[in-house]
Amino acid sequence: MKTIDYYNKHAEEFTASTFKVEMESLYAPFLRYLPEQASILDLGCGSGRDSFAFKNKGYQVEAIDYSAELVKKAKELTGIEVRQQSFYELNESEKYDGIWACASLLHCDRDCLPEVMGHIFKALKPNGVCYMSFKYGNTDREKDGRSFTDLNEQQAHDLLKQIDQALLLQQWITIDKRPDRDEKWLNLLWKKHA
């Protein structure tokens with residue numbers, strides 16, 4: 001649980017370093033597939049930055065994060081109910097048009113990814129869409145007290161094949177948008193085949 005300790009301890013600086021990042025270019029491909037006023041779950045919402053943006057665009061937003069400190073921050077920012085919950089505990093059925101998992105599933109144990117993706121796809125409505133981003137690579141590693149599961153194209157493809165009804169819409173690589181970073185990210189957009 002070291003990863004969660006990191007976010008509880010560093011909630012302020014994490015929020016400060018990620019809050020002003022330009023995200024519209026990542027929102028656009030995801031939102032293009034959603035109906036107006038769609039229901040979105042922000043899975044691992046962090047500071048609430050993306051929940052806030054989606055709410056301001058007129059979507060119905062729910063958010064969860066496993067860090068108590070980040071849940072507090074997200075509630076303050078968004079004014080919505082944010083649940084302290086892990087993605088391992090997701091248990092809804094056909095509830096959301098879209099699930100946004102930006103830089104959150106990269107903390108999921110690799111062995112648990114198929115199961116967690118199964119929960120995500122169960123929670124999506126038919127034709128629902130899931131966005132995910134992982135640091136680009138193929139290793140499981142620890143950095144600054146956090147565990148990371150990196151993903152490359154082949155691993156993403158292998159994961160996709162294990163999920164019933166999952167269809168690849170789009171997959172692309174971006175460079176980290178924070179000024180002091182040059183890491184690559186793998187972005188995935190999957191659809192729940194009706």
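**Close-up 1. Helix 2 passes helix 5 in a right-handed crossing.** This view, like the others, comes from a predicted model. Helix 2 covers residues 11-19, and helix 5 covers residues 68-78. Their axes come within 10 Å and cross at roughly 50°. Helix 2 is therefore oblique to helix 5. Helix 2 brings Ala11, Glu12, Phe14, Thr15 and Phe19 to the contact. Helix 5 answers with Glu69, Leu70, Lys73 and Leu77. Sorted by class, the contact of helix 2 with helix 5 holds five nonpolar, one polar and three charged residues.

**Close-up 2. Helix 3 packs against helix 4 at an angle of about 55°.** Look for residues 24-31 in helix 3 and residues 49-56 in helix 4. The two axes are 12 Å apart. How are helix 3 and helix 4 oriented to each other? They are oblique, because an angle of about 55° is neither under 35 degrees, nor over 145, nor in the range 65 to 115. The crossing of helix 3 and helix 4 is right-handed. On helix 3, the touching residues are Tyr27, Phe30 and Leu31. On helix 4, they are Arg49, Asp50, Ala53 and Phe54. The contact of helix 3 with helix 4 counts five nonpolar and two charged residues, with no polar ones.

**Close-up 3. Seven strands form an open sheet.** Trace the strands in the order 3-2-1-4-5-9-8. The pairing is mixed. Which strands are the edge strands? They are strand 3 (82-84) and strand 8 (166-175), and each pairs on one side only. From one strand to the next, the twist averages 15°.

**Close-up 4. Strand 1 and strand 2 run parallel.** Strand 1 spans residues 39-43, and strand 2 spans residues 60-65. How many bridges join strand 1 to strand 2? There are five. Find isoleucine 40, then look across to strand 2: valine 61 stands opposite.

**Close-up 5. Helix 6 lies across five strands, listed here by name: strand 1, strand 4, strand 5, strand 8 and strand 9.** Helix 6 is made of residues 113-123. Strand 4 is at 96-101, strand 5 at 124-135 and strand 9 at 184-192. Helix 6 runs at about 145° to strand 5.

**Close-up 6. Residues 40-128 carry a UniProt domain feature.** The record, an unreviewed entry, labels this stretch "domain: Methyltransferase". Over residues 40-128, the chain is 34% helix and 27% strand. The end C-alpha atoms of this stretch are 10 Å apart.

How values were computed. Residues are numbered from 1 along each chain as its sequence is written. This is a predicted model: local features need pLDDT of at least 70, side-chain atom pairs count only at pLDDT 80 or more; totals for chains, interfaces and linings use all residues. Side-chain values use heavy atoms; hydrogens and water are left out. Axes are lines fitted to C-alpha atoms, for helices over the stretch in contact, and angles run from 0 to 180 degrees between N-to-C directions. Helices (H or I, at least four residues) and strands (E, at least two) are DSSP runs, numbered from the N terminus. A crossing is left-handed if the near helix is turned anticlockwise from the far one by less than a right angle, and right-handed if clockwise. Contact means heavy atoms within 4.5 Å. Ala, Val, Leu, Ile, Met, Phe, Trp, Tyr, Cys and Pro count as nonpolar, Asp, Glu, Lys and Arg as charged, and the others, Gly among them, as polar. UniProt positions are given in the numbering used here, feature names are shortened, and annotations may be inferred rather than shown by experiment. Two strands pair if DSSP finds at least two bridges between them.
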